[in-house]
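Me: Please select one part of this structure and examine it closely, together with the elements around it. A single connected account would suit me best.

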Amino acid sequence: MDIRGQEMLTKESVTVNVNAVVLYHIDNAKANVMTIDRAQYATSQLAATAIRAVIGESELDDLLSKRDKINQRLQSYLDAETDCWGLKVTRVEIKDVTLPKAMQRSMGAQAESERERRAKVIAAEGEVQAAPLLLQAATQLSKNPASLQLRFLDTLREISAEKNSTVVFPLPLEFLTAFQQKRNPTYLPEDSKVPLLKAMS
């Protein structure tokens with residue numbers, strides 16, 4: 001028996017549209033005939049009321065992630081209430097839970113933010129784990145300048161394999177010492193230039 005979708009409020013006042021299905025059979029035909037006239041209609045109305053009550057006491061997260069517990073709770077309630085009608089409710093399943101469009105967008109944005117947060121945490125943990133190894137590698141490379149140069153060449157090889165148009169190649173600071181020494185050049189005295197000028201003339 002299908003329970004048509006109906007709008008209801010969860011515990012935190014979120015509007016949802018829920019439809020369900022109820023599976024039952026007649027367990028006592030005599031009691032079913034003697035106690036109730038329209039058993040199917042009565043069961044559907046009781047199920048709709050029970051679903052509304054249970055959803056109103058449940059949070060949205062429980063409705064989405066703990067649906068089995070809600071189904072079991074509904075099945076136990078309906079089975080107990082319809083026992084006097086000669087019915088046996090074997091199963092209750094919430095088929096679909098529809099959220100408003102605004103709530104769907106909000107949940108999508110929240111899920112995306114959560115994924116970004118986890119990615120940043122994982123990246124930060126990777127940096128923490130890699131820092132001691134990088135320090136150890138830097139210590140080993142600093143012991144021999146040739147090893148550092150080989151590492152530079154290997155990095156250049158890796159970059160060139162990707163067919164990049166621009167290559168940024170780092171240079172060690174030792175290469176700049178020669179330029180620093182020429183910042184204050186010494187000029188020749190004037191008298192030393194005279195013979196050169198006379199020879200040129």
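Reply: Contact is taken here to mean heavy atoms within 4.5 Å. The model is predicted, and the part chosen is helix α2, residues 39–56.

Helix α2 comprises 18 residues and spans 26 Å from its first C-alpha to its last, close to the 26 Å expected at 1.5 Å a residue. Its buried residues are Ala39, Thr43, Ser44, Leu46, Ala47, Ala48, Ala50, Ile51, Val54 and Ile55; buried denotes a relative accessible area under 20%. An α-helix has 3.6 residues a turn, so residues three or four places apart point the same way. The cover over the buried residues of α2 includes the strands β1, β2 and β3 as well as the helices α1 (29–35), α3 (60–65) and α4.

The strands named in that cover belong to one sheet. Helix α2 lies across β1, β2 and β3, and its direction is at about 30° to that of β1. Helix α4 (residues 67–81) also packs on the sheet, where it touches β2 and β3, and its direction makes about 145° with that of β3.

The sheet itself is open, with 3 strands in the order β1-β2-β3 and antiparallel pairing. Strands β1 (2–9) and β3 (87–98) are its edges, each pairing on one side only. On average, neighbouring strands of this sheet are turned by 30° against each other, direction ignored. Strands β1 and β2 are joined by 6 bridges, and Gln6 stands opposite Val18 in β2. These two strands form a hairpin with 5 residues between them, and in its turn Ser13 has a positive phi of about 65°. On the other side, β2 (residues 15–26) pairs with β3 over 10 bridges in the antiparallel sense. In this pairing Asn17 stands opposite Thr98, and Tyr24 stands opposite Val89.

Charged pairs complete the account of the surroundings. Asp79 forms a salt bridge with Lys88, with the closest N and O atoms 3.1 Å apart. Asp79 is buried because its relative accessible area is 16%, whereas Lys88, with 33%, is partly exposed. A further salt bridge joins the side chains of Arg91 and Glu93, at 2.8 Å from N to O. Both partners are partly exposed, Arg91 with a relative accessible area of 47% and Glu93 with 26%. Lys66 and Asp62 also form a salt bridge, their closest N and O atoms being 3.9 Å apart, which falls within the 4 Å limit.

Methods. Residues are numbered from 1 along each chain as its sequence is written. This is a predicted model: local features need pLDDT of at least 70, side-chain atom pairs count only at pLDDT 80 or more; totals for chains, interfaces and linings use all residues. Side-chain values use heavy atoms; hydrogens and water are left out. Two strands pair if DSSP finds at least two bridges between them. Helices (H or I, at least four residues) and strands (E, at least two) are DSSP runs, numbered from the N terminus. Axes are lines fitted to C-alpha atoms, for helices over the stretch in contact, and angles run from 0 to 180 degrees between N-to-C directions. The expected span of a helix is 1.5 Å times one less than its number of residues. Buried means under 20% relative accessible area, exposed over 50%, partly exposed in between (1.4 Å probe, protein chains only).
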